[in-house]
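Thanks for sharing this one. Here are my notes, set out as numbered points so that you can follow them beside the coordinates.

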Amino acid sequence: AGPAAQEKPGPAMEREVAAALESVFPRVGLRAFMNLTDAEKTTQLSELCSIVLGIRLFNQHLDKGGVGLPHIKRDMGVKAAENTLKVVDAEIDTLTDVCKQYVEVLLTVQHFKDPTPKPKLSELELCKQELFLCRQYLSYLLSVQDDMRTALSRMSDIQEQYEHDLEHLQALVGHKTSVPKDQVYPKFDVLTKLYTAAFNESILLGQRCKLVKILQDFKKGNADPRVDARLLRDAINSKVHVPADDAVQLPPAGSGSEPDDRATRLTQESFSEFLQLPVDFQGFCIFTLATQQILVPGNPSLGVVKYQGRHCVFLTEKALVEFCSGPEKYYVFVREACYKHPELIHLLRLHEDFPKSSLLGILQGTAGYVLAGQAECTDGQTQTPMHIVENHIDPNYEWNEWRMRQDALHSADIKQKKTDSTQTVQSSMRRENESQVYLPKEAGTNTTVDSGTNPPRLTNYMTGLRGEVHNQLKVVQLQFDLTSAHAQKSKRG
């Protein structure tokens, strides 16, 4: 179990674990356990750990054990997380007010009164960059705030269910010396699962508290974002001189079934799932970002514009109408703004459009960069022969000196002899002869006269077989000559 890994083993803990394990898994069952497969052993060991930890948790509730186990209410860091969450809430409120002041100055600077000295371009650029920084810092704090609130809510539900199961288990066991295992073992397993879930939530809360500390240290290392008092005062005084936008006709609301290549305005009345629409660009008005380089939240009450799979909100009606007239160019302007200010990529959640700048891609190693100290992993393959032949072995090497002496004498004897050779008809080196025979041609004749014979045909007919009684039987023989034009009668019998 996860919490058990955090404990420091000691004699008391070892005795408690041994007693719990002996009650769950006696030594006589060890022989049957050794005959199981690896998968079955893993499953049974996991169940044993869960039941043993549940027994220790129950002993901790009865103040009879549970040495080294953090208490689910006192030692899970819930109080520290709640205090940190209060600090985060206060910081979010402060940063929200500062962002509003920056936006108020940047939107009204062109309408300052004439006696008021206009701020320099460097001051305005500094205000825009500080607004980007505040938005980033606020985005991180909002994310931490959401995680901590969710974790604390889950922790509260887990603790409540944990106490309820402990009371039910205590009522089931009571003062009995033995209880059927099919009744208590599932309860111990449930306790372990709840405790492990609470332990994991405590780890998450601890990490978020460390992250808040890192953000606070970063803020201390830099000057607190604060709007110049003179600029803020001039912005407030010039607010009454800001001309109102002319009334514009909003585009008609669509039903959501329009093609993606056309900007469609969706409202709560025309689209049933309006409240579940995922707003892109973190809900900022991209028209104001593209035209004035100012990050201002949009107004969803004007409607959500759907274009190319993205859903955008805008600050004013004029901004919405201008975007619908040519949406593609504003996407290009936002992309150029991200090239100029890379911090906007993750602030506007555009890391999918910039894969090489994706933090997740950099951590996973798919963005083309290697972090310091990170081992670069690549896929490779190689092929080796089945029977490797050593290339440094000399096949003519001879280690036997007597064999070497015999070869030397044989070579010397051959060099002193002369070889003669002749070629005969019966020799194996005779030449080969070939001959070619032309086969006789097939001959035939063809005459122009056809002749044949056709003998005459004889046919016998018998008469007088039927009719009067005194009629006599007669045989008539006919001869047909097929070569003549008429048949001739030869005989009558």
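1. A word on terms to begin with: buried means under 20% relative accessible area, exposed means over 50%, and partly exposed covers what lies in between. Please also keep in mind that this is a predicted model.

2. With that scale, take the salt bridge between the side chains of K417 and D413, where N and O are 3.3 Å apart. K417 has 56% relative accessibility, so K417 counts as exposed. D413, at 35%, counts as partly exposed.

3. How many salt bridges does a search of the whole structure find? The search gives ten. As background, side chains of opposite charge can pair when their charged atoms come close.

4. Another of these contacts joins R27 and E22, with 3.8 Å from N to O. R27 is exposed because its relative accessibility is 70%, while E22 is partly exposed, its relative accessible area being 37%.

5. The salt bridge of R149 with D89 deserves a look on your screen: the closest N and O atoms are 3.4 Å apart. This pair links distant parts of the chain, with R149 in helix α5 and D89 in helix α4 (residues 78–108), 60 residues apart. Are the two partners buried, partly exposed or exposed? R149 counts as partly exposed at 45% relative accessibility, and D89 also counts as partly exposed, at 21%. The value for D89 can be set against the cut-off for buried, which is under 20%.

6. Turning to the rings, the whole structure holds eleven aromatic pairs according to the search. In one of them, Y162 and Y195 have ring centres 6.4 Å apart and planes at 40 degrees, so this pair is tilted. Here too distant parts of the chain are linked: Y162 belongs to helix α5 (residues 121–173) and Y195 to helix α6 (residues 181–221), and 33 residues separate them. Y162 has a relative accessible area of 3%, so Y162 is buried. Y195 is buried as well, because its relative accessibility is 0%.

7. F323 and Y330 make a further tilted aromatic pair, with 5.9 Å from centre to centre and 40 degrees between the planes. Why does F323 count as buried? Its relative accessibility is 0%, and the term buried applies under 20%. Y330 counts as buried too, because its relative accessibility is 4%.

8. Which residues form one aromatic cluster? The members are F281, F287, Y307, F314, F323, Y330, Y331 and F333. You will recognise F323 and Y330 from the tilted pair in the previous point.

9. One contact between a charge and a ring is worth a quick check: R335 lies over the face of F354, and the distance to the ring centre is 4.7 Å.

10. Finally, the surface. M462, L465, L473 and V475 make a nonpolar patch of about 420 Å². Within this patch, L473 lies in the loop between β4 (457–463) and β5 (474–480). Is L473 buried or exposed? L473 is exposed, because its relative accessible area is 53%, and the term exposed begins over 50%.

Note on methods
Residues are numbered from 1 along each chain as its sequence is written. This is a predicted model: local features need pLDDT of at least 70, side-chain atom pairs count only at pLDDT 80 or more; totals for chains, interfaces and linings use all residues. Side-chain values use heavy atoms; hydrogens and water are left out. Patches are made of residues with over 30% relative accessible area and no salt bridge: like charges are joined within 9 Å, nonpolar side chains (Val, Leu, Ile, Met, Phe, Trp, Tyr) within 5 Å. Accessible areas come from the Shrake-Rupley method with a 1.4 Å probe; for residues, only the protein chains shown count as cover. A salt bridge is a side-chain nitrogen of Lys or Arg within 4 Å of a carboxyl oxygen of Asp or Glu. Helices (H or I, at least four residues) and strands (E, at least two) are DSSP runs, numbered from the N terminus. Buried means under 20% relative accessible area, exposed over 50%, partly exposed in between (1.4 Å probe, protein chains only). Rings of Phe, Tyr and Trp (its six-membered ring) pair if their centres lie within 6.5 Å; planes under 30 degrees apart count as stacked, over 60 as edge-to-face and the rest as tilted. A charge sits over a ring if NZ of Lys or CZ of Arg is within 6 Å of the ring centre and within 35 degrees of the ring normal.
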